[in-house]
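Thanks for passing this one along. Here are a few notes to read alongside the coordinates.

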Amino acid sequence: MLKHIKLQSLFIASLLIITSCTKDDGEPIHEHEVNKVVLHFTNTADSSTFEVEWELEHIDNEHADHDGDEHAHESHIELAPNSEYTVEAKFYDVGEHDESSDDHGHDHDGDHEEEGEDITPEIIEEADVHHVFFEMVGLSNLTIVSASGDNKDANDFGLNLKTTWTTSAEESGEVKVYLIHEPDTKDGDTRAEFGGEDDVIADFEVHVKLED
Amino acid sequence: MYINTFFKPLKTVANSLFLLATCLLYAQDCNLTLAGKIVSLHDNTPLEAAVVQVKETNQNVVSAKDGTFVIDRLCAGKLTLVVSHLNCEDQIEHIDLVSSTSISIVMDHHVELLDEVIINTDQPNDVAPTTQLIQLTEDEKERYSGDGLAKTIAKFSGVSTLSTGSGLAKPIIHGMFGSRIGIVYNQTVLENQQWGQDHAPNIDANAFDNIRVVKGAATLKYTGDNPGGLVILESKAPSAIDDLFGKTILNTSSNNYGLSLLSSLTRSYGNGTYIKAQGTYKNYGDSRAPDYVLSNTALNENNLSLTVGKNDRQNEWKLFMSVFNNEVGILRSSHVGSVRDLYQSIILDIPRVVAAYSHDVNAPKQSNHHLTTNIQYTRTTAANNKWKFKYSWQKNNRKEFDIRRGEYKNIASIDLDLSTHSAQIDRQWTGTNISVSTGVFAQVQDNTSNPDTGVKRLIPDYIKFKTGSYLTALMKPDRFTIGVGVRFEHHNNEVQKYYKLSRWNDQNYEQGLGKYVTKELYNQRLIRRRMFFNTVSLQGGVLFDVSPSQQIGLNYSMSQRAPDIAELFSDGLHHSLATIEYGNPFLSNESNHKFVLDIAKKRGDFQFNISPYLNLGKNFIIIEPIGAELTVRGAFPVWEFRSVDATFKGVDIDLLYSPTKGILLKNNTSWIEANETTSKEPLISIPPLSLQHSIVVSPSRWESFSFEVNAKKVFRQNQYPNHNIELDIVEDRQYVTKTVDISTPPKAYHLVGANLKWGPYDFLSSKVNIYLSVDNMFDYSYRNYLNRLRYYADEQGRNVVLQIKFKY
């Protein structure tokens, strides 16, 4: 029987074709995302202004990161007690600056001159499907409400692009800024109540204290 | 369903039960003789081996070569004859017998596509002759024609589905899915399984006459890397007669206000040439769970296929072309922002988004286009020697749309083009008690990701070359069937992949992949890497006829599988699964040693098949959650591929019992357990114990009516790995740590269904069948462990399906 198999079967070995065919390099893809949030503060008492920026850390060899997570530069907001501020929020997509291969060792110290693409007008245009939510951690005396002059959606809900922050006693904590896309409702006190998805979550450290 | 290899169709069993019945009770003339002749409707040729049964007396006769039959010792009175012929639909004739007479019966021979005059490429048992090949009857295949392929075959023991919501399902056989299951249509392997778990096979099973399932790697003719099993779809060439026939099936379903229509038309000629056109249209709205609408689960599909061929003894050829297009909505609530939303979904009972019922497919959704052409030519040079050449081209485009903002709103997040060319030459030689098949093949596959998505490539661009050869032999010494096979494959992949620098550094890829870097961008690295894999697969099986009614089979296979490109390099966020998926570029060949034992027995009214199996996997590649990763959009669970040594053991049991004529009890049981061999840690996504029972009643009083009640019990999966994630959320202005339970399987469930069948009835010049079926009759709310969207919503509730089938 085995002889038969040997005789009758043409057992053809694999053709190990080592082809030299290759594909062209695919274009690098720039991912579109909201990776920079700027809060512009105006003290209503003296009209003094300042800006605090949160930006996703662009990872290069100097900022080598070893947990795969995305990090932002630490952003601090210093506020005075018993004060009121008008805060304007702006959202940006900062592109990946260089797409050439010779920028190895390029100096990126976080001091980006480029503003990137301002997403804020897009948010205003699609007011109905966007909402900004400020979530406070460890801050029991701070209140944040939609300011007059805030952009409104079709149902007259303020988007919270312009808010009024009122401080009282000294305290320290965190404000998490959420840009919510397609929220189920715009009426809520906790992030979970809004539903929808986060386009960006920016964490700001907040210190309410008298200036020395 | 019938178990093809071992037993003749059930009706033979039923018929033989009451051979001793007699008509002596009648005080009438009981010495009448009925003679007859059975001919084909189309060409008046006599039909041999048709079974004619007299219902009243349970007499059976088989028609002779010239189509004639004689039944004697009949009493005068009304008689019902049931005429059946292989692959034909049963035909019923009423006769009022007064005196001995002679009749002529014309049978609709349309569905009989297996003509012995024609040398067909695969006889039913040819695919895996030493195993339990299971096959859907035409009736079953048509009844489930509105469901996808995976759901259709999940009625068998050992087969289940891995689904993503209600619209996308992949078959699971013996606990394995994806690349470990081969889907072979027209003897060509379907290419698109490499694209991840949330992707259903892009094939319309309605384009084929036959659906068969092989559990285990019992054949190496088509693939060598499918230890799970094969799903084989094929169509037989029609007889070489002048004929025009077709069918149209209309399905309507109450749960999703769905409609599906499929139609086919075949024209055959006396010289063997034929042409067949077939189309399927499906339009399903949102599915509904008992308590709410599963928003955005609508589905649209339209498929067309055309076959042209010649059925010839010496030179047979076939050209098949098909287009498959679908658009599948992904449950809106499953499109979550981050682990926090996932946590909310898990603790809430109802989905986050429940909108009004709709027929629209909105983002998130998948849109798939699959184009196939294949051509085969078979030349028989001598009675025992056959050559076959096959070529196929498959072009597959998959787009996934997420909910996006602004200018990207209507742009897909994933847009992949896969193009595959395959060619194969086979030779088959048949001797006395032996047949040997051998072949060589080559394949080139090109995958391109559209860079305009603005989202990093989930699957990198690559070109893959595959070449190989196989040899299988089948010997049939007395009472034994012995099959052996060997297959070699050589893979040559050239992959170019962009890595984000954060991932690159995190995984310390510089060390292993640094030498392949061809481009360094500000925060990305491009590698170009050629990877070779060689695989060998072996298979051996024995089937022994212990007695005419009992068989024992043992099959062993050693199959090696080269890792898929997705397993090596996938990289990206699946919004619809709320997961970040990472490949592992250092994976090597996986090998599986699989043993399947089949014990089958038929004893009169009772038959069973018990099939225990064991699979020992080395370097078995799995994807599991490994934690969460923080992005600008929040934290997402990370699923990463890794390889483990795995042990699968299980048993499939099928029982059939007919306590009395007209009643059939069926039961099938599937049990499987899969662990990592060393740590004994259970594997993820393994089907829990399940039982399916049904009772079929076909009262002899109403011959064309049957009624079935079925029940399915699926137990809770108690063997599962723990991959829960810890998450900090803010409550009352303070961080609180919560456990996101993504591991615990849902509780057991029990579903009851029923169906009624009427027909066939004559209607104008066609035959009409009507089915009415109810699934999940009691509108039971449940969740399925093997649905990756189980965190977000319940499964579909009650569904009433009305099917009308015309054959002409």
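1. Strand 6 of chain A runs antiparallel to strand 9 (residues 171-181) of chain A, and eight bridges join the pair. To find your place in this pairing, start from A:Val132: across from it in strand 9 of chain A sits its bridge partner, A:Leu179. Do keep in mind that this is a predicted model.

2. That pair belongs to an open sheet of four strands in chain A, ordered 3-10-9-6, with mixed pairing. Why does one side of strand 3 and of strand 6 of chain A lack a neighbour in the sheet? Strand 3 (76-79) and strand 6 (130-137) are the edge strands, and each has a single partner strand, so one side of each stays free of a sheet neighbour. From one strand to the next, the twist averages 30°.

3. Now a word on confidence in chain A. Its mean pLDDT is 78, with 71% of the residues at 70 or more. Within chain A, strand 8 (residues 162-166) has the highest confidence, 96, while helix 1 (residues 2-8) has the lowest, with a mean of 39.

4. Two stretches of chain A deserve a look of their own. Across residues 61-65 of chain A the pLDDT stays under 50, and the model gives them seven contacts beyond four places in sequence. Residues 97-113 of chain A also have pLDDT below 50, and this stretch makes 16 contacts in the model beyond near neighbours in sequence.

5. Turning to chain B, there are two domains: domain 1 covers 2-107, and domain 2 is assembled from 233-239 + 284-305 + 312-662. Between the C-alpha centres of these domains of chain B, the distance is 47 Å.

Notes
Residues are numbered from 1 along each chain as its sequence is written. Chains are lettered from A and ligands numbered from 1 in the order in which they are written. This is a predicted model: local features need pLDDT of at least 70, side-chain atom pairs count only at pLDDT 80 or more; totals for chains, interfaces and linings use all residues. Two strands pair if DSSP finds at least two bridges between them. Helices (H or I, at least four residues) and strands (E, at least two) are DSSP runs, numbered from the N terminus. Axes are lines fitted to C-alpha atoms, for helices over the stretch in contact, and angles run from 0 to 180 degrees between N-to-C directions. Domain bounds come from an automatic or database domain assignment. pLDDT is the predictor's confidence in each residue, from 0 to 100.
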